[in-house]
Amino acid sequence: MTRPAPVMPGVTAPDYDLSQPLDLDYVGAFADVAPEERAHQLAVREFVQDEVLPVIDGYWERAEVPFELVKKLAERDFLRDGVDVPGRPRVSFMAEGLASMEMSRGDGSVATICGVQGGLALRSIVMHGSPEQVERYAEPMARGEILGAFALTEPTHGSDSVSLETTARRETRDGVEGYVIDGEKKWIGFGSCGDITVVWARLVGDDPSTGSGGTGDNQVHGFVVPQDAPGYTATTIEGKVSLRAIWQAHIALDDVFVPADAALPGATSFKATAAVLFATRLAVAWSAVGHAVACYESAVAYATQRIQFGRPLAKNQMVQERLTRMLSLVTQMQLLVAQVARLADAGTLTGEQASLAKYTTTRQAREVAAVARDMLGGNGILLGNRVARHFADIEALHTYEGTESMQALIVGRDITGVSAFA
């Protein structure tokens with residue numbers, strides 16, 4: 001009979017449990033939130049613990065979209081990202097901020113799915129669509145029956161998206177009045193696996209080559225474009241090392257015709273686009289806090305469970321200093337987003353304040369993640385220990401919805417009264 005090999009003390013690595021929530025609020029940044037806001041936060045936290053964390057590492061590693069989670073998000077009314085949908089309860093900026101924080105604490109890709117579907121695509125339609133468009137799309141999008149994308153960024157226009165070159169021109173085809181859209185878009189979440197895309201294009205004038213008699217105002221307009229429309233081609237971007245569980249697309253729009261009622265009547269200038277991004281910028285700031293909280297939680301748990309030199313890491317002065325540094329950064333972030341959420345709910349939040357929140361929180365989240373990754377040593381690069389995924393995903397968060405540089409220039413313009421970029 002063959003006997004099993006003996007387990008040698010100190011050789012077999014323990015299973016670290018690094019995913020338990022700490023309900024972190026060290027100085028009471030959220031002490032005055034309303035009971036219904038707190039309930040919304042805890043409902044998302046429960047969803048993260050029960051549905052997201054057990055499966056997300058596999059989706060992330062395989063670079064697959066967790067469509068089953070998308071259905072479950074819709075069932076719990078988390079997919080609309082706090083956007084007002086007729087017939088559904090209103091969600092305050094504070095409540096949705098707390099929800100964004102908890103969702104990102106679970107996973108950045110899942111939080112981005114909510115942000116793309118609700119915060120960008122659905123919000124564009126609700127804010128700028130006609131009553132008929134809202135009736136047609138809002139509720140089905142909240143239920144996850146229609147998946148939407150938001151196409152603003154172009155291959156050569158990221159930070160200077162106001163200079164986008166995708167065009168739309170008026171044209172009548174087979175007796176149907178509408179628009180022909182041409183151009184390219186890049187980094188478009190759900191752009192290759194959804195149902196509709198809100199495309200932002202510049203309305204141009206007469207086109208002698210087609211005999212079009214329409215005129216354009218050269219302003220940026222929004223259009224709801226079916227992803228199965230002839231001429232719409234989307235290629236999923238591969239090779240990403242961040243937000244791997246949501247697909248972004250490179251979209252080519254080649255002579256795509258949409259009827260006149262595809263145009264969003266309220267989206268007739270770049271100001272309409274900016275209004276959508278203003279709202280989502282605050283959600284991104286909250287998401288950064290969620291990523292930082294996840295890294296901090298994992299670092300605290302690891303410090304108490306990991307034994308080195310005959311004692312827990314937590315008994316070392318250097319480790320305690322690092323944990324304190326991370327807690328300080330997280331607390332500053334929480335205080336900032338809580339205050340800007342109060343301003344948003346009061347209707348007084350400015351774009352510059354939202355930019356400062358995004359600028360600050362993503363910078364500090366990167367620092368928290370870096371310290372936590374270092375504290376976990378070699379175990380810090382394993383997906384199963386949580387920090388590595390957040391470490392990578394924060395890099396995308398730091399860039400999208402306006403890079404650090406652009407946020408700084410927006411705030412700098414407000415400080416000095418002088419624009420350095422336009």
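**Exercise 1. Find the element that holds Asp-255 in this predicted model, then describe its backbone and exposure.**

Solution. Step one: Asp-255 belongs to strand β7, which covers residues 248–259. Step two: its phi is positive, about 60°, although Asp-255 is not a glycine. Most residues other than glycine have a negative phi. Step three: the relative accessibility of Asp-255 is 32%, so it counts as partly exposed, the class between 20% and 50%.

**Exercise 2. State where Arg-386 lies, and decide whether it is buried or exposed.**

Solution. Step one: the loop between α9 (351–375) and α10 (387–399) contains Arg-386. Step two: phi of Arg-386 is near 80°, a positive value in a residue other than glycine. Step three: the relative accessible area of Arg-386 is 3%, and therefore it is buried, the cut-off being under 20%.

**Exercise 3. Check the length of helix α1 against the expected span, and list what covers its buried residues.**

Solution. Step one: α1 runs over residues 35–52, which is 18 residues; at 1.5 Å a residue it should span 26 Å. Step two: the end C-alpha atoms of α1 are 24 Å apart, in agreement with that expectation. Step three: the buried residues of α1 include the charged Glu-37, Arg-45 and Glu-51, as well as Val-44, Phe-47, Val-48 and Val-52. Step four: α2 (56–62), α3 (67–75), α4 and α5 are among the elements that cover the buried residues of α1.

**Exercise 4. Describe the surroundings of Gln-117.**

Solution. Step one: Gln-117 lies in helix α5. Step two: its relative accessibility is 0%, so Gln-117 counts as buried. Step three: with neighbours within four places in sequence left aside, Gln-117 is in contact with Leu-79, Leu-122, Met-141, Ile-146, Leu-147, Gly-148 and Phe-190. Step four: Asp-32 is 85 residues from Gln-117 in sequence, and their C-alpha atoms are 30 Å apart.

**Exercise 5. Characterise the second largest pocket by volume, lining and residue class.**

Solution. Step one: the volume of this pocket is about 280 Å³. Step two: 18 residues line the second largest pocket, and those nearest its centre are Asp-81, Gly-82, Val-83, Phe-93 and Arg-123. Step three: α4 (93–106), α5 (108–128) and α7 (270–305) each contribute at least two residues to the lining. Step four: the lining has nine nonpolar, five charged and four polar residues.

**Exercise 6. Relate the UniProt domain annotation to secondary structure.**

Solution. Step one: an unreviewed UniProt entry places the domain "Acyl-CoA dehydrogenase/oxidase C-terminal" at residues 276–415. Step two: over residues 276–415 the chain is 79% helix and 3% strand. Step three: the end C-alpha atoms of this stretch are 23 Å apart.

Methods:
Residues numbered from 1 in each chain as written. Predicted model: local features only at pLDDT ≥ 70, side-chain atom pairs only at ≥ 80, totals over all residues. Heavy atoms only, no water. 1 Å grid on protein atoms, 1.4 Å probe; cavity = no way out; pocket = protein on both sides within 12 Å on 5 of 7 lines; lining within 4 Å. Points joined across faces, edges and corners; volume = space filled by probe spheres on them. Helix = DSSP H or I, 4+ residues; strand = E, 2+ residues; numbered from the N terminus. Expected span 1.5 Å × (residues − 1). Buried < 20%, exposed > 50% of the residue type's maximum accessible area, 1.4 Å probe, protein only. Contact = heavy atoms within 4.5 Å. UniProt positions renumbered as here; feature names shortened; annotations may be inferred.
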